[in-house]
Amino acid sequence: MADIYLDNNATTQCDPKVVEAMLPFFLEQFGNPSSIHSFGAGVGRALGKARKQIQALLGAAHDSEIILTSCGTESDNTAILSALKCFPNRKEIITTTVEHPAVLALCAQLEKEGYTIHRLKVDKKGRLDLDEYQRLLTPNVAIVSVMWANNETGTLFPVEEMAELAHAVGVQFHTDAVQAVGKVAIDLKKTKIDMLSVSGHKLHAPKGIGVLYLKRGARFRPLFRGGHQERGRRAGTENAASVVGLGKACELAMEHIEFENSQVKALRDRLEQGILAQVPNCFVTGDPDNRLPNTANIAFEYIEGEGILMLLNKAGIAASSGSACTSGSLEPSHVMRAMDIPYTAAHGTIRFSLSRYNTQVEIDRVIAAVPPIVAELRRLSPYWGEDGPVTEPEKAFAPVYA
Amino acid sequence: MWDYSDKVKEHFFQPRNVGALEGANGIGDVGSISCGDALRLSLIVNPDTDVIEDARFQTFGCGSAIASSSALTEIIKGMKVEEALKVTNDDIADFLDGLPPEKMHCSVMGREALQAAIANFKGEEWADDHEEGALVCKCFAVDEKLIEGLVRAHNLHTVQEVTNYTKAGGGCCSCHEGIEEILMRVMQERGEIFDADSAPAVAEPEPLPIAAKASGGGMTSVQRIRRIEAVIESIRPNLRMDGGDAELVEVDGNTIYIKMIGACSGCGMASMTIGGIQQRLMEELGEFIKVVPAEKLAQPPQQAKKVAHG
């Protein structure tokens, strides 16, 4: 039996059609798109086509609003650092407690350099308080950076509404949309979003390619300076093959967006209900009514995520965890902590993230595999008794220096 | 994921001695639920012979925490209590053919559970002074709390000094930014400013000027040796934390022979540790000295080379 891949929020398999579109750009059309000769011209045209395909998926008004980058992280860093350079007198940034490290770690560094970082809190379902947001939104803010969809729980933030609010007070709005693009219908020309980050490998394009959408007229300062590529906004020779691959992936994503929100969603729901029905003491994290169609994040109480992943891996199932141990840090996922999920559950969160390639047969195999794995680990847990948690688990087992 | 040894995987997939132990007379609960690792070790000790007749564990934790717990029970079963107290976290890691640096704390937790369970058997209260911070140096598994404590205690100013005291930053050098941040913070607390220009571009320890002659700084030999002993004594707690120790063997001019004991002996990091002791001695004595492992004292060079086949 082939292994089952349910870790598509980490990365996706390239679509075979994407690979096929890319291949001529290694051995045949290898020219530099900036060159005047025939080796370069064809590549330039191919990049132009890809830019149009990306524009279409994002609903951007102009193809010149697409800046090609190396990854989502580069796009996020470029967006935030650009705003700080454009508005040197503004020393505040608004973001959320549950952003990806591509934003959070940069903000932590900027904080050390003297900026004030406002991190919007979330409630137990991972939702923002827009009143808090509006209170913080002043002309002292250089940029707001809020993710469209959370990578761990799939919870969606009202970024279109938040962008309107920012625009009303003249503050730039950036969204890290790497998880949302291709799964959520996006029409940027109808929004007040100034900047948006895309990562190719989250939507069946290769790794090492990303996009920063930059609304026409929004003030911008490049991160990289050098050649005239991307109209001087991101110097460096284009990753031509990957750009072509991303273009194709965007075209395919547009074709499949309905499928993602019907079939993939149905499989996700089947998986989630199948597990919840069989396993005691587990629950879905985030906001189940408002999230990506492919993501299920389930907290298994009184056990630790890495053990679950190792046993799932042994059963040929790939998923990921918010446990501390899988990241090498001591704290469990900052997203779980932000939602105030207790430690006994936060360490045992498992994220299953599906793609259009998953089948019902696969999902049924996972539903069958999970309960015995959880039971086995609970047998080892000091918080678990014969057939349920020990009475008052926190008191029955209170280790020294807890 | 982690590069676990086959032994770790074996003890995770088929853990030995799992569950609560009926009639246990020594129980140790340690760990930290916030860190995601917690362990209950239950022992049955024969009060007449002091032999650990049975040991079982219950663990909330990752793969290596479960494997370390399983290994611990296998190691200590049949041991006498006094013998078991000598088990170090390195013994547990060695039993499992090693652990990734980020996971060494799992073996530390095992050792602590053992000490707590034995204390419980003896009717003593076990107190833990171990505080764990975020991992800074991945090469030598050194955490923030340890670095911070030593920077405070010894008034350290540079990354190089931190490396000499803790080994942190002595490997791939990627964590120097993190070490500098700790230095900056602690130095600010004591009203000093971290001097970025003093940070060496490369962490290679400087070679000792061979021509440098021991001046002795006006001390008699006895005073000088006492001074050296005092320095070793001040380093001792850190070595013991790692389950090792060091002993002064001989002083010959500016060459000081030191014997590494316990976990320090044969440890891959012994040369780093010796470098650290050397640095401290030079600071304290105000003269150039060279610290050499005591094994080199008596051995002719050709014998020092061990035959690697076996």
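In this predicted model, strand β10 (residues 295–300) of chain A pairs with strand β13 (residues 349–353) of chain A in the antiparallel sense, over five bridges. Strands here are DSSP E runs of at least two residues, and helices are H or I runs of at least four, numbered from the N terminus; two strands pair if DSSP finds at least two bridges between them. Local features need pLDDT of at least 70 and side-chain atom pairs 80 or more, while totals for chains, interfaces and linings use all residues. Residues count from 1 along each chain as written, chains are lettered from A, and side-chain values use heavy atoms, without hydrogens and water.

**The open sheet**
- Within the β10–β13 pairing, A:Ala299 has A:Thr349 of β13(A) as its bridge partner.
- Four strands of chain A make up this open, antiparallel sheet, in the order β9-β10-β13-β12.
- β9 (282–284) and β12 (320–321) of chain A sit at the edges with a single partner strand each, so one side of each lacks a neighbour in the sheet.

**Around β5**
- All five residues of strand β5 (residues 141–145) of chain A are buried (under 20% relative accessible area, 1.4 Å probe, protein chains only).
- Strand β3 (residues 92–96) of chain A runs parallel to β5(A), paired over three bridges, and A:Ile94 stands opposite A:Val144 of β5(A).
- Three bridges also join β5(A) to the parallel strand β6 (residues 172–176) of chain A, where A:Phe173 stands opposite A:Val144.

**One loop residue**
- A:Arg219 lies in the loop between β8 (210–214) and α8 (240–278) of chain A.
- Its relative accessible area is 37%, so A:Arg219 is partly exposed (between the 20% limit for buried and the 50% limit for exposed).
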